[in-house]
Amino acid sequence: MKLSKLILPMLAVLMLATGCRKAQIETYQFNITPAEWQRNEGDNLPGAFNYLYCTKDLPAIDRNVFGNGTVQAYAWNVYDTQHNLGAWNTLPFVYPLEVYVTDEFGNTNMVIVPENLRFEWEEGKVTFVIQDLDGFDPENMVSTISIKVCITRNR
């Protein structure tokens, strides 16, 4: 009787331990300069395929990730330039872009344009996309964007 009280819990622990997989997380960081963005130009009409994109090779995204893992990306956004404070934001991320527009009377006004930063992944590469929410051409990039890509796979 004492032996069965010891064996049964040990078998349960053994079954749980062999059924669990450990997840492995790999992190890669890209600093994308303005010159690396390419423009896909549609008809420059709302809803057209006007966007900026940058594709990076990432061999760590393999068949194992497709079947047993996931890919997540984060963009660094400085929200307080005076104190150099920022935070990582999960993609997709909509950020406000300040654009200065001059009207027909010569007045210059600041307009907030929402830009969507998202990503797509496939075997061996990841593509980052910037697109205006209204479908028009996004503004040209003027600064480097830091993006962190995390790959989680079960081992």
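This passage walks through the fold, the sheets, the core, the main pocket and a few local backbone features of a predicted model.

Starting with the overall layout, the chain has two helices and nine strands. Read from the N terminus, the elements come in the order α-β-β-β-α-β-β-β-β-β-β. Of the 155 residues in the chain, 28% are buried. Contacts with a separation of 6 or more were also sorted by distance along the sequence, and 62% of them link residues 24 or more positions apart.

The strands sort into sheets, and one of these is an open sheet of five strands, ordered β2-β3-β8-β7-β6 with antiparallel pairing. β2 (38-40) and β6 sit at the edges with a single partner strand each, so one side of each has no neighbour in the sheet. From one strand to the next, the twist averages 30°. Going across this sheet, β2 and β3 run antiparallel and are joined by three bridges, with Arg39 having Leu52 of β3 as its bridge partner. Next along, β3 and β8 are antiparallel too, joined by six bridges. Here Leu52 turns up again, with Ile130 in β8 as its bridge partner. Between β7 and β8 there are eight bridges, again in an antiparallel arrangement, and Leu117 stands opposite Ile130 of β8. These two strands make a hairpin with two residues between them, where Gly124 takes a positive phi near 85°. As for β8 itself, seven of its eight residues are buried, so the strand is largely enclosed by the rest of the structure.

The other sheet to look at is an open one of four strands, in the order β1-β9-β4-β5, and its pairing is antiparallel. Its edge strands are β1 (23-32) and β5 (85-90), each of which pairs on one side only. Neighbouring strands in this sheet are turned against each other by 25° on average, ignoring direction. Within it, β4 (residues 69-80) and β5 run antiparallel and are joined by six bridges; Tyr74 stands opposite Thr90 of β5.

Turning to the interior, the largest nonpolar core has 25 residues, and the members that touch the most others are Trp37, Leu91, Leu117, Phe128, Ile147 and Val149. Quite a few strands feed into this core: β1, β3 (51-57), β4, β6 (93-102), β7 (108-122), β8 (125-132) and β9 (145-154) each supply at least two residues. β9 gives the largest share, four residues. Trp37 is worth a closer look. Leaving out residues up to four places away in sequence, Trp37 touches Ile32, Leu52, Tyr53, Cys54, Leu117, Phe128, Val129, Ile130, Met141 and Ile145. That list includes Leu52 and Ile130, the bridge partners that link β3 and β8.

Then there is the largest pocket, which holds about 630 Å³ of space. Its lining is made up of 22 residues, and those nearest the centre are Asn77, Tyr95, Pro96, Leu97 and Ser143. β4, β6, β7 and β9 each put at least two residues into this lining. The largest share, six residues, belongs to β6, a strand that also supplies at least two residues of the core and stands at an edge of the five-stranded sheet.

Finally, a few spots in the loops stand on their own. Val142, in the loop between β8 and β9, has a relative accessible area of 75% and therefore counts as exposed. Along the sequence Val142 is 109 residues from Thr33, yet their C-alpha atoms are 8.2 Å apart in space. Asn84 is found in the loop between β4 and β5, and its phi is near 55°, a positive value in a residue other than glycine. With a relative accessible area of 60%, Asn84 is exposed as well. In the loop between β5 and β6 lies Pro92. The peptide bond leading into Pro92 from Leu91 is cis, with omega near 5°, and Leu91 is itself one of the core residues that touch the most other members.

How values were computed. Residues are numbered from 1 along each chain as its sequence is written. This is a predicted model: local features need pLDDT of at least 70, side-chain atom pairs count only at pLDDT 80 or more; totals for chains, interfaces and linings use all residues. Side-chain values use heavy atoms; hydrogens and water are left out. Two strands pair if DSSP finds at least two bridges between them. Axes are lines fitted to C-alpha atoms, for helices over the stretch in contact, and angles run from 0 to 180 degrees between N-to-C directions. A nonpolar core is a set of buried Ala, Val, Leu, Ile, Met, Phe, Trp, Tyr and Cys residues joined through side-chain atoms within 4.5 Å. Buried means under 20% relative accessible area, exposed over 50%, partly exposed in between (1.4 Å probe, protein chains only). Contact means heavy atoms within 4.5 Å. On a 1 Å grid over the protein atoms alone, a cavity is a set of points where a 1.4 Å probe fits but cannot get out, and a pocket is an open set with protein on both sides within 12 Å along at least five of seven lines; lining residues have an atom within 4 Å of a point. Grid points are joined across faces, edges and corners, and a volume is the space filled by probe spheres set on the points.
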